[in-house]
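Got the viewer open? Let's take a short walk through this structure, one selection at a time.

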Amino acid sequence: MRRRLLTALLGGVLLPAGLVGCGLPHETEVQVDGSGPAAEAGALNGSPARPPTPGDSSEPGPFIDNYLRAAAAGEREQGYARAKEFVAQEAKGQLREKPQSSEIELTVVRLREKPVITPPVNQGTTDVTVKVQQVGVLRADGALDPPEASETEYKFQLRRADAGGPGLLLTNVPNVLLVSDTALREYYRSRTIYFWNSDQSRLVPDLRYLPSSVPAERRVTDVVKWLAGGPSKWLAQGVTGLPDGTRPINNATGADGHWEVNLTMPGADDKKLGLLATQLAWSLPELNGQLDLKIQNQKRLTVDLQEERRAHAAYPAGDRPARFSVYDGAIRPLAIANEPRVAVPVDAEDNKNVVAAALARADDQVLAALVVTGTDRRQRLKVGSGPDPVTVFNTSEHSYAALGRPTWLRSLDGRHPAGLVAADGKLYRFDGSAQMSLVPLAVPGPVVAVAGSLDGHRIALVSGGKLYVAAVSVDGGVVGVGPPQRLAILLSGVTAVDWLAENELVLAGNEADRRPAIHQITVDGAQETALKRDIGAEVTQLAAYPGGAVGGLPSLSYMYEANKAAYRNNPFDNIKREQVLDVPAGSRATNPTAPFFLY
């Protein structure tokens, strides 16, 4: 089953899509405020933009903006050299270089306001203050790690260039290689590499960044190095790296549909080489043709990259999506345009007193998790699985004041379905018998929302109004959650989150003016884009469709609940009562709430 899964390039300006199952990536532009399906753009972001130079601007504000782009505008090894072109000779020592290119790191910041410029004083120098949000540290392996600096502003001082020439030069500069998030988008390409989960049954995406200036022949080498170097820190608990001691021997070679990779890999048997071949095929989605795998100069395996992607899906794609909502205490299908419609896969006797729900398909089974309200107005989790419709349910032993919308973890182990849910400010795992157990988390605030990715080994969660991601391992139904990594975001008071694409999240919270809004953000926090502003009320539930199946919904589709009513995008509109199907006669007239997708 084919379907392009959208993965975002740096905050939604371009969104390259990787395919689950087979095929090649493309790119689309982001949709804002519920616009229609995104249009395709050129492959791999096109040619890299021209690096900025000190002479490009004689005004302090644009000059600083160009300086914050310089280090990213080419190969990492020349990052300091490009930045120092903007620095006066007497101040070059303030920007101390790392001794080796492998240690060069870029401190990525997001400008919160326009630079504050002090009029020239003190023999013609100008002071510029830039207020920033720390986004992260871009490592040599292309991974964006959490911020290490805590500065909220940086101060610069400028003077006119020597001998009255055009342009400006820096006479005071922070001792860190700064890069703006817009420069990251302009001069880097997003790349998704893949690692196997613990039982090597599916691949888990890992978002990285590669300079646009890197030629095609270098991409293979860098991807091999990244895979050998292991996953991003936050993913480590949910995936399996290559055998210890694996490293490339020289650079990968090849062109015109034939590539060669030479490695040292301890214990390199046929199984390990086959697994690596699948990883490489998905981690190099733009390449077709053959790739030869050599172990210490001896050819051991030749793989057809395109055929490998066809034969081995990265992870299950999910079935055709359908929309549902809760109406008068029961799950009901929604009729939106000509989208697929299916009957509620839950027996009518159990489809009562529902306030939120999560449904998922696993082979020929349906997984159902319902949040139901009892006569005591306390909430319980009701869980069932089986053929459509599900007729056997179990109810959690304990009740709670408030349960969030559950999320199913899309594990291949159909005998042990498992999920996560926020209950009374804490995160719980649940199984098919509705047994709930506490998941310890090192987060400072109450957990109010959790969402699982399509691959089943990554989650996003909201705690204390902040956004986190974490890796998930599932072994025999036992769910383990790795240390959460907090993302740098523009929104405050986050209330809801879901997966919008392979490496993209959609979240709801408050913008700087405290108005509720919905934003899109990369899974590492690198780029954030407003999708819907001025909502008018707090978003209490949010559900998105991350792609996966043929004949699905428009790209980047999401729905949400605010002020006890349901809304959708593509195009943006409220979900009306007449769009709710299969409503029994005598039902109470109300608004549909708690919308969600089944796929």
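Begin with strand S21, residues 354-362. S21 gives three residues to the lining of the second largest pocket, and that is the largest share any element provides there. Keep in mind as you click around that this is a predicted model.

**Stop 1: the second largest pocket.** Select Pro316, Arg361, Ala362, Asp363 and Ser411: of the 24 lining residues, these are the closest to the pocket's centre. The space they sit around has a volume of about 500 Å³. Now add S22 to the view, since S21 and S22 each supply at least two residues of this lining. Try colouring the lining by class, and you should get eleven nonpolar, six polar and seven charged residues.

**Stop 2: the sheet.** Stay with S21 and S22, and look at how they run side by side. They pair in the antiparallel sense over eight bridges. For one of the contacts, pick alanine 362, whose bridge partner in S22 is glutamine 365. Next, bring in S23 and S24: the four strands form an open sheet in the order S21-S22-S23-S24, with antiparallel pairing. S21 and S24 (393-395) stand at the edges with a single partner strand each, so one side of each has no neighbour in the sheet. Turn the sheet in your viewer to see its twist, which averages 15 degrees from one strand to the next.

**Stop 3: the largest pocket.** Which residues lie nearest the centre of the largest pocket? Select Val355, Ala356, Gln541, Glu561 and Ala594, and you have them, out of 40 lining residues. The volume here is about 770 Å³. You'll meet S21 and S22 again, as both are among the elements that give two or more residues to this lining. Others to highlight include S19 (322-327), S38 (539-545) and S42 (593-598). Don't skip S29, though: with five residues, S29 supplies the largest share of the lining. Colour by class once more, and this lining shows 20 nonpolar, 13 polar and seven charged residues.

**Stop 4: a strand on the inside.** Finally, jump to S10, residues 168-172. Is S10 mostly buried or exposed? Four of its five residues are buried, so S10 is largely enclosed by the rest of the structure. Show S9 (residues 153-160) as well, because strands of a sheet pair through backbone hydrogen bonds, either parallel or antiparallel. S9 and S10 take the antiparallel option, over four bridges. To end the tour, click leucine 158 and then leucine 170, its bridge partner in S10.

How values were computed. Residues are numbered from 1 along each chain as its sequence is written. This is a predicted model: local features need pLDDT of at least 70, side-chain atom pairs count only at pLDDT 80 or more; totals for chains, interfaces and linings use all residues. Side-chain values use heavy atoms; hydrogens and water are left out. On a 1 Å grid over the protein atoms alone, a cavity is a set of points where a 1.4 Å probe fits but cannot get out, and a pocket is an open set with protein on both sides within 12 Å along at least five of seven lines; lining residues have an atom within 4 Å of a point. Grid points are joined across faces, edges and corners, and a volume is the space filled by probe spheres set on the points. Ala, Val, Leu, Ile, Met, Phe, Trp, Tyr, Cys and Pro count as nonpolar, Asp, Glu, Lys and Arg as charged, and the others, Gly among them, as polar. Two strands pair if DSSP finds at least two bridges between them. Axes are lines fitted to C-alpha atoms, for helices over the stretch in contact, and angles run from 0 to 180 degrees between N-to-C directions. Buried means under 20% relative accessible area, exposed over 50%, partly exposed in between (1.4 Å probe, protein chains only).
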